[in-house]
Structure formats: structure tokens, C-alpha cells
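I opened this entry to look up the cysteines, and then one helix and the aromatic rings. My notes follow in the order of looking.

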Amino acid sequence: MTLGSLANGSRISSTFLLSGIPGLEHMHIWISIPLCFIYLASILGNCTIVFIIKTEPSLHEPMYLFLSMLALTDLGLSLCTLPTVLGIFLIGVRDISQDACFAQLFFIHCLSFLESSVLLSMAFDRFVAICRPLHYASILTNTVIGRIGLASLGRSVALIFPLPFMLKRFPYCGSLVLSHSYCLHQEVMKLACADIKDNSIYGMFVIVSTVGIDSLLILFSYALILRTVLSIASKAERLKALNTCVSHICAVLLFYTPMIGLSIIHRFGKQAPHLVQVIMGFVYLLFPPLMNPIIYSVKTKQIRDRVTHVFCY
């Protein structure tokens, strides 16, 4: 195939095709039922967390302000994927224009890396609360928290902003079928009829400079927290200090495990079954927004009490 024919093909092929679950296309309408419940629970749960923290003055503390950032990020992730996922499973709409696809992947990746930053901020909050309790209020002021939030958002936008433009310059040919029900950079770039080396290198740089650094700093924070906790004489006090970290540790594992796994599969697991990629993709984007409100409602008494008050009174 000549370069000219590729260019002509790229002009004709202005849309991508999204995929549901391979081999279960006849079951998509039934699969849409639990998916609808997952999205409804995710949106309702995260909106509830934000509402409770906003309206309850006693929760206007650093830990809960960071939690509200996490809930807003999870809410954004749910809303980013909802139209295409339910479009496929409910009414069978698979087509997505290139511009819409590039826009979707921008928001998905931007919000994903923003969530990584928020989780790092929450680890820093736990570090200061346990290792520097006397300076907690003076270090994590509302101004500092606001600056951390803006810096996190700025980093994510700055790193992801070039991706749609880097993808838009490519011609696309072939079947143009994506493996997931939404667009991801590492998958879209493989459909290009051009050298994608620059995109691959930049994508790896973004992952290392966000998820890589954030996860290492979170591990380092918990190493310092563990050292401080082990120096506490009272066993009850040690358990009390560690218990304040359980919700955050669960959120970290819930976010980083499928994200790193999906990235490895896309880049190095070419022999992995397609179904594994699809399932990992759903776990990566659907489960953190669903589970984080549940985890924090169950493990955090103040949130649990307010949720109970909102829904039972």
C-alpha cells in the first residue's frame, strides 16, 4: 500500500469502532443492566460524598477536603466513559468520530493522572497527621490545600494536552476497531499507519512522571508513617493511627493495581487474551469510582454518620 493510498484511507476513515465484550454481543443488553447500576451507584456515591463534605462544617478539614477532590475526580471519570459504554451495551452504537475519541481520551487520562496526584496528596496528609501532629493545622491550611489541588490539575492537563494533537497528525487505516468501550491513547496510536515511536516514548514518560513518581512517593510516605507508628509505645495508639490509613491504602490499591496492569498488557502483553484486556479496562475505570465512596463510608465514622443521617432521616 502506497503512502498516497494511506492518506486517502485516512481521510475516508474518520471514525473508530468501539468494542463491547467479545463473544457476548448477544448478551450486551443484559450486561447493560449491572453497568447501569454501577454508573448510578458511582455517580450517586461520589455526589453524596461531595455534598456531605460541602454542607457539614465539621468536615472542612484537610483529610475530607482531599476526599472531596477524590470524589470529584471519580465523578468525572464516570461521566467520561458513561456515554460510549452505555451506548454500546444499550443501543449498539459503536462509532465514534476521531475528534470525539481524542477528546474522550484526553479527559480519561487527565482525570486518571489527577486521581494519582490526589492519592499522593492524601498520603502526604496522613504523613503530616501521624508524623507531625502538632504542626498539622499550620502545614495543611486551606490555602496550601488549594494550591496542591491546582498544581495537581495543572500537571495533569499540561502532560496530557499534547496527546490529542500528537494523535491527530497521524493517518489511520485498517479496521480501526478499538478493544474497549472508550478511547485510550496507548490503543488509538496502534491504529496509526505511521511511525508511533514518539507517541510511545512520550506516553511512557507521562506514566513514569505521574504514576511512577506518585506511587514511589506514596510508598515512601507510608515507610515514614510505619516507622513513626512502630515507635509509639501503646499498642492501642498504634492500631488507632494505622486505622486512619486503611481507607487510603484500599483506594491506592484499587487505583494503581488495575491501572499498572492494563498499561503493561497494552505495551508488553501482546499474547494476552483480548477478554483479559476488556475486563482489566472495566476494572480500571469503573471500580475505583464505585468502591471509593463505599470504602470511605464504611471505614470513616464521620462520613458514615452523615451518610446515614442523609438517607435515613
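Before the handedness of any link, I fixed the term: a disulfide here is a pair of cysteine sulfur atoms within 2.5 Å. The model is predicted.

**Confidence**

I checked confidence before anything else. The mean pLDDT of the protein is 88, and 93% of the residues reach 70 or more. Over residues 1–12 the pLDDT is below 50. I also looked up what this stretch touches beyond near neighbours in sequence, and the model has 8 contacts for it.

**Disulfides**

I searched for disulfides and found 2 in the structure. Counting bonded cysteines along the chain, I read their pattern as 1-3, 2-4.

I took the link of Cys101 and Cys183, where the S to S distance is 2.0 Å. I noted -125 degrees about its S-S bond, and the link of Cys101 and Cys183 is left-handed. Which parts does the pair tie together? Cys101 sits in helix H4 (residues 98–131), while Cys183 sits in the loop between helix H7 (162–168) and helix H8 (185–188), so the link ties parts that are 82 residues apart in sequence. I then looked up the exposure of each end. Cys101 has a relative accessible area of 0% and is buried. Cys183 is also at 0% and counts as buried.

I went on to Cys173 and Cys193, which form a disulfide with sulfur atoms 1.5 Å apart. The torsion about their S-S bond is about -115 degrees, so I entered this disulfide as left-handed. Cys173 belongs to the loop between H7 and H8, and Cys193 to the loop between H8 and helix H9 (197–230), so the pair ties together parts 20 residues apart in sequence. Is Cys193 buried or exposed? The cut-off for buried is under 20% relative accessible area, and Cys193, at 18%, is buried. Cys173, at 22%, counts as partly exposed.

**Cysteines without a partner**

Why is Cys36 not bonded to Cys47? Cys47 holds the closest cysteine sulfur to that of Cys36, but the distance is 17 Å, too far for a bond. I found Cys36 partly exposed, with a relative accessible area of 29%.

I then asked about Cys47 itself, and Cys47 is in no disulfide. The nearest cysteine sulfur to Cys47 is that of Cys80, 14 Å away. At 37% relative accessibility, Cys47 counts as partly exposed.

**Helix H4**

I returned to H4, the helix that holds Cys101. H4 has 34 residues. From its first C-alpha to its last, H4 reaches 49 Å, close to the 50 Å expected at 1.5 Å a residue. How many of its residues are buried? I read 28 of the 34, so I put H4 down as mostly covered.

**Aromatic rings**

A search of the whole structure gave me 9 aromatic pairs. I looked up one of them, Phe102 with Tyr172. The ring centres are 6.4 Å apart and the planes stand at 45 degrees, so I entered the pair as tilted. Phe102 lies in helix H4 and Tyr172 in the loop between H7 and H8, so the pair ties together parts 70 residues apart in sequence. Both Phe102 and Tyr172 are buried. I followed the ring pairs onward, and they link Phe16, Phe102 and Tyr172 into a cluster.

Definitions and conventions: Residues numbered from 1 in each chain as written. Predicted model: local features only at pLDDT ≥ 70, side-chain atom pairs only at ≥ 80, totals over all residues. Heavy atoms only, no water. pLDDT = per-residue confidence, 0-100. Contact = heavy atoms within 4.5 Å. Helix = DSSP H or I, 4+ residues; strand = E, 2+ residues; numbered from the N terminus. Buried < 20%, exposed > 50% of the residue type's maximum accessible area, 1.4 Å probe, protein only. Expected span 1.5 Å × (residues − 1). Phe/Tyr/Trp six-rings, centres within 6.5 Å; stacked < 30°, edge-to-face > 60°.
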